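Please look through the model below with its charged side chains in mind, and then with its nonpolar interior in mind. The paragraphs that follow take these topics in turn and end with the chain as a whole.

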Amino acid sequence: APYVVDPCVVSDRDALEACARFADAHRHLVEPACGAALVPAMMPDRTSRPDCLADCRRVVVQVCGGAVVDLPALLRWADDLGLDLRDTSGR
């Protein structure tokens, strides 16, 4: 069966926020490239998901990376974008 590939574009800010949410939820740091893939799956409000996931009940994301990221790097990137990653629970 053919697989459907439906791309969506996310901002750098959203990718970094997804990295922080994922780290908070799973205690694992990932690079922003992986965070970009996590954005649609980790949106706090199901109605704010991209159209490509609107009808999905379950979303699976294969998480990779983390080899070149550490907490200081993640915080530095967030600071470059003016993003406060200290509280990602309510966004």
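In this predicted model, a search of the whole structure finds two salt bridges. One of them pairs E17 with R21, whose closest N and O atoms lie 2.9 Å apart, and the side chains of these two residues are also joined by a polar contact of 2.9 Å. The other brings together the side chains of D24 and R27, with an N to O distance of 3.4 Å.

Where along the chain does the pair of E17 and R21 lie? Both residues belong to helix α1, and they are four residues apart, which is about one turn of the helix. Helix α1 itself covers residues 12–26, with E17 placed inside it.

The surroundings of the two bridges can be described through the accessibility of their partners. E17 has a relative accessible area of 11% and therefore counts as buried, since the cut-off for that class is under 20%. R21 is buried as well, so that the bridge between E17 and R21 joins two buried residues. For the bridge between D24 and R27, the classes are other ones: D24 is partly exposed because its relative accessibility is 47%, a value that falls between the limits of 20% and 50%, whereas R27, with a relative accessible area of 66%, is exposed, because exposed residues are those over 50%.

From the charged pairs the view turns to the nonpolar interior. The largest nonpolar core has 14 residues, and those with the most contacts inside it are V30, L38, L74, L83 and L85. Two or more residues of this core are given by each of α1, α2 (32–38) and α3 (71–80), and the largest share, five residues, comes from α1. The helix that holds E17 and R21 is thus also the one that gives this core its largest share.

What does V30 touch, once residues up to four places away in sequence are not counted? The contacts of V30 include C19 and F22, then G35 and L38, and further along the chain V63, C64, G66, V69 and L74.

For the protein chain as a whole, there are three helices and zero strands, and from the N terminus on the elements run α-α-α. The chain has 91 residues, of which 27% count as buried. Among contacts with a separation of 6 or more, 54% are between residues 24 or more positions apart. The accessible surface of the protein chain comes to about 6400 Å², and carbon and sulfur atoms hold 53% of that surface.

Methods. Residues are numbered from 1 along each chain as its sequence is written. This is a predicted model: local features need pLDDT of at least 70, side-chain atom pairs count only at pLDDT 80 or more; totals for chains, interfaces and linings use all residues. Side-chain values use heavy atoms; hydrogens and water are left out. Buried means under 20% relative accessible area, exposed over 50%, partly exposed in between (1.4 Å probe, protein chains only). A polar contact is a pair of N or O atoms within 3.5 Å; within protein, one must be able to donate a hydrogen and the other to accept it, and residues adjacent in sequence count only if both atoms are side-chain atoms. A salt bridge is a side-chain nitrogen of Lys or Arg within 4 Å of a carboxyl oxygen of Asp or Glu. A nonpolar core is a set of buried Ala, Val, Leu, Ile, Met, Phe, Trp, Tyr and Cys residues joined through side-chain atoms within 4.5 Å. Contact means heavy atoms within 4.5 Å. Accessible areas come from the Shrake-Rupley method with a 1.4 Å probe; for residues, only the protein chains shown count as cover.
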